[in-house]
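User: Got a model open here and a few things to ask about it. Mind going through them with me?

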Amino acid sequence: MSVTQLRTAAASLAPRRITSDALLQKKLAHQPICAITAYDYPAARLADEAGIDLVLVGDSLGMVVLGYENTLPVTLDEMLHHTRAVARGLRRSFLVADMPYGSYHASARDAVRNGLRFIKEADAQAVKIEGGRSRARLVQRLTDAEVPVVAHIGLTPQSVHSMGGYRVQGKSLEAFERLSADARALEDAGAIAIVLEGMPRELAASITAQSGIPTIGIGAGPDCDGQILVFHDLFNLTFCAPAKFARQYADGAAFFATALTQYREDVATGRFPSDAESYHLPREVQAALEAAHPRARKA
Ligand code: KIV
């Protein structure tokens, strides 16, 4: 058992929640938006308390937390479960949840029903869906149902098979123009922001300059309105070499490995737990025990 201090008692002191309008104001004021993924309560709390503007419960969950090979097997229930945990850790950051593969592809009716669940049951402020102008009608349907949508174009991991792997997108003139048109269509359909992933800096800069909504880049260069990184990339917790754009800010793997090895050695050598880390009988109970069983030895 371990106890975590919940913050319900301090709720009245909570800073104001970031809204989609606040994100837009940051774009207009040229103040970079800082975003990160999180999948559980402690990471959400740390991000929130560090002043991160936007927290995304990404379906990267599938790879970095659940150990799947890609994002495709992630289920709606898994996303809802982790979004609820993250929501409990946030006071200020804007909360976006990824709609997983298959939850918005079959029909608009299903997509809206699934999108509503993130807002109603998991306290998300917006959902994110991947894809270009072919998703514009769906963005409009979700928006009409009061489900704010963050769009996501470029390298869209749910399209891994149709892209033929994880490849930087938008490198040809035709792809540059197609992705620029995608961004415009998604904005016109009502998206509140757009993630630009895995594309040339020049394309992301051009989309950002023409866009009336915030762009949030990952592997898209520094000219976006904001940046997002995957939590486990930032802390070297992915067990593989980082992508070019994924700057590591701390070596979490080394930190945890050192502590775990120390713990194992302390248990093996009897150094853990110590007497100070043990509970004791009250003195009078110990005395009564010794009187009843004179040969029983005090620990
Ligand atoms: O799932 C995810 O983590 C994402 C980010 C990379 C934007 O979609």
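User: Which residues is Ala 145 in contact with, leaving aside its neighbours within four places in sequence?
Analyst: Val 112, Gly 115 and Leu 116. In contact means that the C-beta atoms, placed from the backbone, lie within 7 Å.

User: Is this predicted, and how's it numbered?
Analyst: It's a predicted model: local features need pLDDT of at least 70, side-chain atom pairs count only at pLDDT 80 or more, and totals for chains, interfaces and linings use all residues. Residues are numbered from 1 along each chain as its sequence is written.

User: Where does Ala 145 sit?
Analyst: In the loop between α6 (136-144) and β5 (149-154). Helices (H or I, at least four residues) and strands (E, at least two) are DSSP runs, numbered from the N terminus.

User: Buried or exposed?
Analyst: Ala 145 is partly exposed, because 14 other C-beta atoms lie within 10 Å. Buried takes 20 or more within 10 Å, exposed 12 or fewer, and partly exposed is in between, with C-beta atoms placed from the backbone.

User: Switching to α9, which residues are buried?
Analyst: In α9 (residues 201-210), Leu 203, Ala 204, Ile 207 and Thr 208. They share one side of α9, because they cover an arc of only 130 degrees around the axis, taken from the directions from the helix axis to the C-beta atoms.

User: And what's exposed on the other side of α9?
Analyst: Ala 209 and Gln 210 are exposed there.

User: What covers the buried ones?
Analyst: The cover of those α9 residues includes α8 (173-189), β6 (193-197) and β7 (215-218).

Note on methods. Two residues are in contact if their C-beta atoms, placed from the backbone, lie within 7 Å.
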